[in-house]
There are 2 protein chains.
Amino acid sequence: MRPTVHDIAAEAGVSLATVDRVLNDRPGVRGVTRARVEAAIAALGYVRDVAAANLAKSRVYPLVFILPQGDNPFMRGLEAQVRRAGLHSPAERTRLSVVSVPAFDAVALVRAIDAAIAEDVAGIAAVVVDAPEVSAAIARAQAAGIPFVTLVSDLEGSGRDHFVGVDNIAAGRTAGSLMGRFLGGRPGPVAVLAGSMRLRDHRERLDGFLAAMAAMPTARTVLPVLEGQDDPGQAFALISRCLAATPDLAGIYSLGAGNHGLVKALSGRTDAGLCVIAHELTADTRAALETGLIDAVLNQDAGHEVRSAVRVLRAKADGLPVNAAQERIRLDIFIKDNLPPAGPDEE
Amino acid sequence: MRPTVHDIAAEAGVSLATVDRVLNDRPGVRGVTRARVEAAIAALGYVRDVAAANLAKSRVYPLVFILPQGDNPFMRGLEAQVRRAGLHSPAERTRLSVVSVPAFDAVALVRAIDAAIAEDVAGIAAVVVDAPEVSAAIARAQAAGIPFVTLVSDLEGSGRDHFVGVDNIAAGRTAGSLMGRFLGGRPGPVAVLAGSMRLRDHRERLDGFLAAMAAMPTARTVLPVLEGQDDPGQAFALISRCLAATPDLAGIYSLGAGNHGLVKALSGRTDAGLCVIAHELTADTRAALETGLIDAVLNQDAGHEVRSAVRVLRAKADGLPVNAAQERIRLDIFIKDNLPPAGPDEE
DNA sequence: CTGTTAGCGCCTTCAA
DNA sequence: TTGAAGGCGCTAACAG
């Protein structure tokens with residue numbers, strides 16, 4: 001049987017309350033006593049039963065997810081995953097809530113962060129845009145003792161506690177590498193469709209992609225980046241125009257959330273030679289993968305990200321360490337053949 | 001606050017014990033009473049606090065993993081993951097143990113299963129070979145009320161409760177599809193290195209691969225399967241001979257655990273045109289991916305598999321349903337660029 | 001058939 | 001600075 005607080009109390013010759021004070025290092029214990037208890041803990045190899053501890057404190061952790069609103073399917077999937085995790089959350093004594101803010105809007109984002117701080121939540125997870133006032137808001141959360149994790153797109157200098165998302169530079173490299181191999185010797189330039197260069201993740205993917213393309217045995221032109229603001233209409237227009245203007249186009253890398261417009265622009269075509277790689281598995285990209293319109297999809301699993309964010313925030317709130325290796329989010333590569341069955345929250 | 005057993009007892013006008021009996025549907029409750037309690041449960045929207053329940057019963061679940069012994073790196077990685085999971089297992093009130101049996105040995109496997117049944121463990125997870133006596137042993141476990149899950153390679157007709165592993169037909173298809181695209185128009189036949197056609201997973205991968213190759217726009221010869229018994233020496237010999245005999249070889253699909261020999265046979269070569277796809281991310285395949293000797297690795301995450309097996313066995317032991325969607329093991333595709341940092345248990 | 005009572009391992013008042 | 005006692009939500013003896 002595993003040792004319990006009783007065993008430690010007996011071993012150290014103190015009461016349960018004292019053991020508890022030492023375990024949660026709370027004040028009010030003499031140095032000597034503390035040392036004695038710590039010795040007992042070490043001697044018996046005690047490890048606290050977290051479930052019992054949670055039961056006893058019956059504390060709940062209100063966590064806030066701040067996500068961009070709009071019709072970005074990946075973000076809607078992320079929100080669905082938060083809601084889904086919220087159903088199971090009472091078991092882990094967390095209460096999840098979602099706050100939606102206009103996309104690309106630093107001011108609104110800052111307002112949402114400050115509101116969460118004012119509510120004194122136990123942790124904040126947010127998809128942030130890269131702006132100095134956002135970093136300042138994150139610093140305020142830190143100052144208030146509220147753990148903060150960035151989701152999907154990072155903001156390194158901000159002092160956030162943790163980043164939950166993929167390595168976007170590696171994602172871009174992966175896309176470039178796959179595109180290069182799929183194209184082989186086929187000539188022609190490739191186009192890149194992004195949302196906005198103001199998003200750190202989009203910039204990073206582009207950097208990785210360009211690096212990988214440059215490292216390919218055959219040199220290939222990459223056309224100037226098309227920025228569609230992750231808007232279906234704009235993406236459709238940009239891609240349509242590009243296709244018309246570039247008859248020998250060999251490939252398209254869609255690194256943002258403009259896939260609805262992309263697929264629409266592509267769907268009229270019959271040219272099987274065009275290599276298309278996109279990000280995020282959504283209803284659009286899944287269907288396009290199945291019909292062969294898209295060749296590969298790079299994905300970050302929204303469900304994993306949400307669960308990881310919750311675990312990290314809880315750990316930070318309790319002052320526990322996080323296992324970085326376990327919390328690393330992998331970059332999935334999907335082709336037609338390894339597509340998982342559609343989940344309920346995929347849009 | 002969430003309703004508790006007390007609330008239900010009050011609402012239904014019965015005692016805690018009766019509520020407990022209904023909840024765990026144990027006998028000794030009159031139909032009417034039961035109905036009244038059930039009504040209260042429904043009315044209050046009660047959901048049981050599993051952590052508290054486990055705490056109260058202080059039951060532990062001894063689970064046995066039966067794995068093939070030998071130097072198969074994937075199996076050793078799997079074993080390491082079981083041991084690692086065993087460290088955290090007291091928290092989930094499980095106790096994990098590993099039993100090693102000679103690979104490809106149905107008799108030894110059956111003996112191990114029967115031993116576990118005799119010990120009255122709470123669940124068995126095993127990497128099984130495809131043989132009628134194995135199915136019979138699984139049936140005995142079932143008869144003894146012991147949940148049984150197959151790991152990595154399935155045995156569908158056996159009545160096992162669950163399969164933890166990837167869809168191996170889809171894995172083969174994925175390999176074929178990638179190989180076809182990577183090769184493009186490059187001519188030449190491809191070779192297949194397997195462990196043994198007696199392993200269901202190897203047969204399934206081969207089937208999928210052949211189907212995908214057949215569906216490619218350009219027809220390509222697939223040489224007769226090389227069976228290396230997952231032995232480094234045999235694999236080395238088979239691949240060396242094949243390379244020598246087939247100067248125009250375009251690709252190799254290694255669908256078993258012969259990668260050490262494969263890499264060794266490949267390492268002398270300088271022909272960059274050969275496309276190599278292998279299974280399972282190990283020290284060998286990781287290094288070969290990094291140096292470019294291997295182009296892609298298909299992987300099933302051993303850590304996920306172990307954790308899934310534990311969850312499923314626990315659920316079955318408690319008579320709870322399993323969420324099939326959550327327990328689905330994904331097929332990972334790794335290329336040089338999306339390789340995750342090496343974990344401690346990878347061999 | 002049903003209820004009472006005493007824990008599971010831990011935390012938290014409240015006294016001393 | 002320390003300890004005693006009660007309770008978190010659930011289960012399991014043992015009575016009735």
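**Exercise 1. The contact between the two protein chains**

Task: State how many residues of chain A and of chain B are in contact, and describe the area buried between the chains.

Solution. Step one: 27 residues of chain A are in contact with 27 residues of chain B, where contact means heavy atoms within 4.5 Å. This is a predicted model, in which local features need pLDDT of at least 70 and side-chain atom pairs count only at pLDDT 80 or more, whereas totals for chains, interfaces and linings use all residues. Residues are numbered from 1 along each chain as its sequence is written, chains are lettered from A and ligands numbered from 1 in the order in which they are written, and side-chain values use heavy atoms, without hydrogens and water.

Step two: the size of an interface is often given as the accessible area lost when the parts come together. Between chain A and chain B the buried area is about 2700 Å², of which carbon and sulfur atoms give 55%; buried area is the accessible area (1.4 Å probe) that two parts lose on being put together, summed over both.

Step three: A:Arg181, A:Arg330 and A:Asp337 supply 24% of the area that chain A buries against chain B, more than any other three residues.

**Exercise 2. The surface near DNA strand C**

Task: Identify the closest residues to DNA strand C, the polar contacts listed for B:Thr18, B:Thr33 and B:Leu55, and the elements that give two or more residues to the surface.

Solution. Step one: 26 residues surround DNA strand C, and the closest are A:Asp20, A:Tyr46, B:Arg21, B:Arg30 and B:Thr33. A residue is near a strand if one of its heavy atoms lies within 4 Å of it. Sugar or phosphate accounts for 65% of the atoms of DNA strand C within 4 Å of the protein, and bases for the rest.

Step two: consider polar contacts (pairs of N or O atoms within 3.5 Å). Phosphate oxygens of DNA strand C lie 3.0 Å from a side-chain N or O atom of B:Thr18 and 2.5 Å from a polar side-chain atom of B:Thr33. At B:Leu55, a backbone N or O atom lies 3.3 Å from a base oxygen of DNA strand C.

Step three: the elements that give two or more residues to this surface are helix H2 (16-23) and helix H4 (50-57) of chain A, together with helix H2 (16-23) and helix H4 (50-57) of chain B. Helices are DSSP runs of H or I with at least four residues and strands are runs of E with at least two, numbered from the N terminus. H4(A) gives the most, with five residues.

**Exercise 3. The surface near DNA strand D**

Task: Which residues are closest to DNA strand D, and which element gives the most to the surface near it?

Solution. Step one: of the 25 residues that surround DNA strand D, the closest are A:Arg21, A:Thr33, B:Val5, B:Asp20 and B:Tyr46. Of the atoms of this strand within 4 Å of the protein, 70% belong to sugar or phosphate and the rest to bases.

Step two: a polar backbone atom of A:Ser15 is 2.9 Å from a phosphate oxygen of DNA strand D. The side chain of A:Arg21 places an N or O atom 2.5 Å from a base oxygen, and a polar side-chain atom of B:Tyr46 lies 2.2 Å from a phosphate oxygen.

Step three: H2 and H4 of chain A, together with H2 and H4 of chain B, are the elements that give two or more residues here. H4(B) gives the most, with four residues.

**Exercise 4. Two residues with positive phi**

Task: Locate A:Ser58 and A:Glu280, and decide whether each is buried, partly exposed or exposed.

Solution. Step one: most residues other than glycine have a negative phi. A:Ser58 has a positive phi of about 40°, and phi of A:Glu280 is near 75°.

Step two: A:Ser58 is in the loop between H4 and strand S1 (61-68) of chain A, whereas A:Glu280 lies in the loop between strand S9 (275-279) and helix H12 (283-291) of chain A.

Step three: buried means under 20% relative accessible area, exposed over 50%, and partly exposed in between (1.4 Å probe, protein chains only). A:Ser58 is partly exposed because its relative accessible area is 39%, and A:Glu280 is buried because its relative accessibility is 6%.

How values were computed: Polar contact = N/O pair within 3.5 Å; in protein donor to acceptor, adjacent residues only side chain to side chain.
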